[in-house]
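Colleague: I'm still new to reading these models. Could you show me one and let me quiz you on the words people use for it?

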Amino acid sequence: MSSRETLEKFLEQNKISLPPILKERLLLLDKPQISEGEEISPEERPNNFSHTLDVARTCAVIASMWEKTNELRQYVIKKRELILAALLHDIGKTGPSGTDPKTQEIWVKSFSIFNKSKEGDKQSKFPETPAEEALAVHLKITLEDAQRLILAMEEGLGKKIETMRDIYNSHVQNTADTLLEAGVNPEIIFIASRHHEITNHHSYTPLGPGELPNFESTPQNIEALERAARILEIADQFQASVTRNGNSDPQKILKRLETFEPFKEFLDGKE
Ligand SMILES: [Fe+2]
Ligand SMILES: [Fe+2]
């Protein structure tokens, strides 16, 4: 099944629709991922499209458990919002929001530098390497072209890019900007822009309720959305640990769901 068919099937199964512009960006995440001459073959290296779908599927399962607790009934967020946020959380790995499709492809390739194989690549090029040098080597482009690429990203982000860590961190803001521009529900943007908040909180700037148009900012809704964001973060890390590296234990990550009272009962088998 092609990636497009897989995505369409997933959307249909979960009764969700996506603006065409977002669908195309998501599908770009499935492009060939690495430059020639690297030790890991493209087949072995997980790509961001399969990761995205895995995270969305994981969130769909967790959201079903959450739904059964009845807790969701009182909130603006529903299962659908969580699944959509999961599906879109890494869309910023196609670059800044206004980027044209050709440049988006280059960004997808650039972000693949951070994907590790299951056996684990050495984390040599990342994270303190100057961005332009690393991009020039990875993409096999000139230093001038790498500088141009970075300049365009700086304009999109409104902040400086110096190291590869800055490039990596930019994907969260790219995601938020892209979803804002596409007119996605503020609840979904709120959740998606917080998917690294606990683990890398100092490196990311999620959008606050005040920056989201038409956001129903009641304490109850914010609490539910924060919880949804934590679920997405756990699903994201779980999938990354299963498919990308052996640094973290998937079971340990999943156990963090126990800190949510409603899930504790399910995980303990006391449903
Ligand atoms: Fe991410
Ligand atoms: Fe992710």
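Colleague: What makes H4 and H10 oblique to each other?

Modeller: Keep in mind that this is a predicted model. The axes of helix H4 (residues 79–88) and helix H10 (residues 219–243) cross at roughly 45°. Angles under 35 degrees would count as roughly parallel, and 65 to 115 as roughly perpendicular. The crossing fits neither range, so H4 and H10 are called oblique. Their axes come within 10 Å, and the crossing is right-handed.

Colleague: Which residues make the contact?

Modeller: On the H4 side you have Leu82, Ala85 and Ala86, and H10 brings Ala228, Ile231, Leu232 and Ala235.

Colleague: How do you know what class of residues the contact of H4 with H10 has?

Modeller: Ala, Leu and Ile all count as nonpolar. That gives 7 nonpolar residues in the contact, with no polar and no charged ones.

Colleague: Okay, over to H5. Which residues are buried there?

Modeller: In helix H5 (residues 101–111), they are Gln104, Trp107, Val108, Ser110 and Phe111. To be called buried, a residue needs 20 or more other C-beta atoms within 10 Å of its own.

Colleague: Why do you put them on the same side of H5?

Modeller: Because they cover an arc of only 160° around the axis. In an α-helix there are 3.6 residues a turn, so residues three or four places apart point the same way.

Colleague: What covers the buried residues of H5?

Modeller: The cover includes helices H2 (20–28), H3 (48–68), H6 (131–139) and H8 (164–181).

Colleague: And how many helices and strands does the protein chain have?

Modeller: 12 helices and 0 strands. Of its 271 residues, 38% are buried.

Technical notes: Residues numbered from 1 in each chain as written. Chains lettered and ligands numbered in written order. Predicted model: local features only at pLDDT ≥ 70, side-chain atom pairs only at ≥ 80, totals over all residues. Buried ≥ 20, exposed ≤ 12 C-beta atoms within 10 Å, placed from the backbone. Helix = DSSP H or I, 4+ residues; strand = E, 2+ residues; numbered from the N terminus. Arc of directions from axis to C-beta. Contact = placed C-beta atoms within 7 Å. Axes fitted to C-alpha atoms, helices over the stretch in contact; angles between N-to-C directions. Parallel < 35°, antiparallel > 145°, perpendicular 65-115°, else oblique. Left-handed = near helix turned anticlockwise from the far one by under 90°.
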